[in-house]
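Me: I have a structure open here and would like to talk through how its inside is put together. Can we start with the packing and then move on to the charged pairs?

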Amino acid sequence: MTPEPGGITEAEYRALPQRFDPTKFDPDAWIDMARTAGQQYMVFTTKHHDGFCMFDSSYTDYKITRTPYGKDIVKQLAAACDARAMRLGFYYSPPDMHHPDFRDTSKPASETWHAQPERPEWPGYLEYMRLQLTELLTRYGPVVLVWFDGLDHQEKYDGRRFLDLIHSLQPATLVNDRIGVPGDYVTPEQFIPSAIPIKQAHFSAVDQSVNEELKPGVPRPEDFQLWETCMTINNTWAYNKNDHDYKSVQYLIRGLVEVASRGGNFLLNVGPQPDGTIQPEFQERLRAIGDWLAVNGESVYGTSYGPIQGVNAIRTTVKRETIFVHVFEWPATALGVPGLNRKVISAHLLATGQPLKFRQSETGLQIELPAQAPDPNVSVIALRTL
């Protein structure tokens, strides 16, 4: 069998567990990093499309406890998150290249990776999924969300069955939209919707054509679609020592602001190194995001989509009577905020507390600004309103 573009054959890949030994994995170090980055929850990959389980499943030998490492990583991380009040969700891949009921494993995965639900073995694979999800939702404490990643033709997984299973085992657990039925939230991948998502939009997770259906504006609360963008720091979901195309700190912070301004969550992927540690380039960016949030987090945490949408220079969020204006393009003198229908009673820079002079008229708000932006990435103005 010839090597794939990644430089490894399928047989070599399947054999990797024989030498997988992430001896430097430290769940507390991961939580420390997450806290430093300002994260309020984590989502861990319990099983990806290859079928390898990072938990001690009773229904397969293709798992972390059959490697030189030999310990249940999900158990360690779940215990640490529970002890330190870090919310934990589980990514679980319905596709499974290793399981003989998912596909004919005597053939190359490249020929059958879409699954073969027409085979008589398919119900056995769905039962395997049921058993593993039951393990994940009964052995590891509270699970705030289940993140499916069903690839194409997701209806083959009988998603309603698994939504019902999850909600029967942990009623508070949220479920995403990648198992063939509507979930609790939608998951655009590697892009941010151009406007606030609404429930009527035909949303494709990895297809930006949904942007054509979205129009700038503020929807009614009952029309708003819960959503979460997932994005990589470089271009690879797993660890890739050859991928040095890292997104800049500014790009990531502005991405977070873009997402928050449209009412979403930002799920930023971190692919650990083979030894269980997080590479320095990722740590540097996570710390920088956390540093920005330490100063400006009030404009993100607990906010909703802002009342001003579609203005290039700014993004807005809102929390009760306060509107936060995130300035992407710092003007030379005054900042214009159009279309604001609330009366503003005060304005100040969030980073420094410096009060700002302003004038409000029927055409909008004019805010006098210092010559220098407080933050080179995104500066925030807090508007107190009636």
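Reply: Gladly, and one term has to come first: a nonpolar core is a set of buried Ala, Val, Leu, Ile, Met, Phe, Trp, Tyr and Cys residues joined through side-chain atoms within 4.5 Å. Please also keep in mind that this is a predicted model.

Me: OK, so which residues touch the most other members in the largest nonpolar core?

Reply: Those are Met42 and Phe148, in a core that counts 79 residues. Helix α5, covering residues 122–139, supplies the largest share of this core, with 8 residues.

Me: And what does Phe148 touch?

Reply: Leaving aside residues up to four places away in sequence, Phe148 touches Tyr92, Pro94, Leu133, Phe162, Ile166, Val175, Asn176, Arg178 and Ile179. Apart from that core there is a second, separate one of 19 residues, and Val327, Leu335, Val337 and Ile367 are among its members.

Me: Switching to α7, how far does it reach from its first C-alpha to its last?

Reply: Helix α7 runs over residues 249–261, 13 residues in total, and reaches 18 Å, which is close to the 18 Å expected at 1.5 Å a residue. The helix is followed by Gly263, which has a positive phi near 85 degrees.

Me: Which elements do the buried residues of α7 pack against?

Reply: They pack against the strands β5 (228–232), β6 (265–269), β7 (304–305), β8 (314–319) and β9 (322–327), and also against helix α8 (280–296). The buried residues of α7 include Leu252, Ile253, Leu256, Val257 and Val259, but also Glu258.

Me: Glu258 is a charged one, so what does its side chain meet?

Reply: The side chain of Glu258 meets that of Arg315 in a salt bridge, at 2.9 Å from N to O. This pair links distant parts of the chain, since Arg315 lies in strand β8 and Glu258 in helix α7, 57 residues apart. Both Arg315 and Glu258 are buried.

Me: How many salt bridges does the structure hold?

Reply: It holds 22 salt bridges. One of them joins Arg103 and Glu10, with the closest N and O atoms 3.3 Å apart. Arg103 sits in the loop between β2 (87–92) and α4 (109–112), whereas Glu10 belongs to helix α1 (residues 10–14), 93 residues apart.

Me: Are Arg103 and Glu10 buried or exposed?

Reply: Both Arg103 and Glu10 are buried. Another salt bridge is formed by the side chains of Lys47 and Asp96, at 3.1 Å from N to O. Lys47 is in strand β1 (residues 41–47) and Asp96 in the loop between β2 and α4, 49 residues apart, and both residues are buried.

Technical notes
Residues are numbered from 1 along each chain as its sequence is written. This is a predicted model: local features need pLDDT of at least 70, side-chain atom pairs count only at pLDDT 80 or more; totals for chains, interfaces and linings use all residues. Side-chain values use heavy atoms; hydrogens and water are left out. Buried means under 20% relative accessible area, exposed over 50%, partly exposed in between (1.4 Å probe, protein chains only). Helices (H or I, at least four residues) and strands (E, at least two) are DSSP runs, numbered from the N terminus. Contact means heavy atoms within 4.5 Å. The expected span of a helix is 1.5 Å times one less than its number of residues. A salt bridge is a side-chain nitrogen of Lys or Arg within 4 Å of a carboxyl oxygen of Asp or Glu.
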